[in-house]
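Here's a quick tour for anyone opening this entry for the first time. Have a look at the view below, then read on.

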Amino acid sequence: MPKFIVSNSMHLEGSVSIGGSKNSALPILAATLLASGNSTIYEVPDLSDIQNMTSLLSCLGASVTKTDNKGITVCCKKPLPDVSSYELVSKLRASFLVTGPLLARCGRVKISMPGGCKIGSRPVDLHLKGLQAMGAKITQGHGIIEARCKKLTGTKIYLDFPSVGATENLIMAASLADGQTIIENAAVEPEIVDLTNFINLMGGKIVGAGTGTIKITGVEELSGQTHTVIPDRIEAGTYAAVAAITKGKIRIENVIPDHLKPITAKMREAGVTVTEGDNYIIVDATEKPKATDIKTLPYPGFPTDMQAPYSSFMTVAERTSVIIETIFENRFLHVPELVRMGAHVKIEGRTAVIEGSKKLTGAQVKATDLRAGAALVLAALAADGDTEISEIEHIERGYCNMDKKLTSLGANITRTE
Ligand code: EPZ
């Protein structure tokens, strides 16, 4: 199984270019099912999650071809509404995002319940509640969800929690429903706006994305379109944390600085200098980073996907920081591995207390999920000695060529098969 071998690599310098957002590309690829013609999505990151999504689209009867500029063209004249393979859906939980489009296009869908993952139980009750409100008849049994509705009807939906996936699924379902759907307490993440921009390009009528209230007026049909996904704000934030933990100076290209505000604000609070350009930021670390508390929240709060990478940075900051994870119930899986590298961290429920300015030392550690894995790479860069990180397939679900990008910044990292 592939591993990363990382040696102490301080004061990384240079520039790194950020790829397209995984968490934007996945719902947008699902949304291509809403049209019967060709859609081409550009700047799609070459990640295993994306490969799993495009394999799923092929299983649903779509033709999927790669084009230049990291493009993927999808054409699905007549989708097959059956995704009952647990193996497929459990490998990629975002597979569940085809539920809304299939129900809207075919009037029925049979899909495996995604099940949980290491960071949490990941229920889909909010997705199902919204579809039911639009008239879908939902049955569940033997790990399979069946939803049927000849034609969904627009209605008012209030989400108990601003779930990103539920908001995305319901926007897609409502875009071909009869009448208007209003989603209140909707997620406002940039990826929701990107998805909505794509659907509106296809002929959709959606207003309010990026606010808590989204209005979708259903249309008869949508046409295939071309679209370029936004840059990945979590990959960008991860490389900002690379500069911070290695006391380096890195120019991070192809970003939307506005999307990074919760992250760059925290970095500045820790004493890091962050300069913003139109489509880049320069992160210039400080010799003595200050401990800063973080509490993960839905956007525009501090993103849960940055909690693990930022926690690694806090292990070398001065004094103690308190990290509260409010989104997922089990997102401290990186902590036991950081402790093996000499970090002093105590966990109480959803709170981790990090005693800073500890010297990290290289060790054999294991990636458990993509963001926890990224956190271990960051810690390994700052640790004395060598670190061997196994199960890096988790990391490569969310980060393209991380070893190559870090090497270009001067890091000592190799990928072994
Ligand atoms: C998306 O997951 C992202 N994944 C996650 O990124 C991200 O961490 C998360 O949003 C939060 O920002 C993709 O976009 C593919 P949620 P999603 O629905 O949609 C609860 C990464 O590392 N919930 O907003 O699954 C749920 O249990 C991944 O790139 C319900 O209770 O997130 C969780 O506690 C990890 N019922 C919370 O809401 C539901 O029906 C947030 O989930 C749905 C969600």
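## A starting point: strand pairing

Keep in mind that this is a predicted model. Let's begin with one pair of residues: Ile183 has Ile214, in β13, as its bridge partner. The two strands involved, β11 and β13 (residues 213–217), run antiparallel and are joined by five bridges.

Ile183 also turns up in a second pairing, as the bridge partner in β11 of Ile157. Here the strands are β10 (residues 156–158) and β11 (residues 180–184), which run parallel with three bridges between them. What do β10 and β11 make together with α6? The answer is a β-α-β unit, and its hand is right-handed.

## An open sheet of four strands

Elsewhere you'll find an open sheet built from four strands, in the order β6-β7-β9-β8, with mixed pairing. The strands at its edges are β6 (82–83) and β8 (137–141); each has just a single partner strand, so one side of each goes without a neighbour in the sheet.

For a look at one of those edges, follow β6 to β7 (residues 108–112): the two pair in the parallel sense, over two bridges. Val83 is part of this, with Ile111 in β7 as its bridge partner.

## Around the ligand

Now for the ligand. Which residues come nearest, out of the 20 around it? They are Asp125, Leu126, Ser163, Asp305 and Ile327. Sorted by class, the shell contains nine nonpolar, five polar and six charged residues.

Some side chains pair up with oxygen atoms of the ligand. For Asp305, a polar side-chain atom sits 2.6 Å from a ligand oxygen, while for Ser163 the distance from a polar side-chain atom to a ligand oxygen is 2.7 Å. Lys22 joins in too, with a side-chain N or O atom 2.9 Å from an oxygen of the ligand. As for cover, the ligand on its own has 820 Å² of accessible area, and the protein covers 86% of that.

## Where the shell comes from

Several helices take part in the shell. α1 (22–31), α5 (125–133), α6 (164–174) and α12 (370–382) supply at least two residues each. We met α6 earlier, in the β-α-β unit with β10 and β11.

Both domain 1 (3–18 + 231–416) and domain 2 (22–228) contribute as well: the shell draws at least three residues from each.

Note on methods:
Residues numbered from 1 in each chain as written. Predicted model: local features only at pLDDT ≥ 70, side-chain atom pairs only at ≥ 80, totals over all residues. Heavy atoms only, no water. Near = heavy atom within 4 Å. Polar contact = N/O pair within 3.5 Å; in protein donor to acceptor, adjacent residues only side chain to side chain. Areas by Shrake-Rupley, 256 points an atom, 1.4 Å probe, with all protein chains shown as cover. Nonpolar A, V, L, I, M, F, W, Y, C, P; charged D, E, K, R; others polar. Domains from an automatic or database assignment. Pairing = 2+ DSSP bridges. Right-handed = clockwise from strand over helix to strand, strands pointing away.
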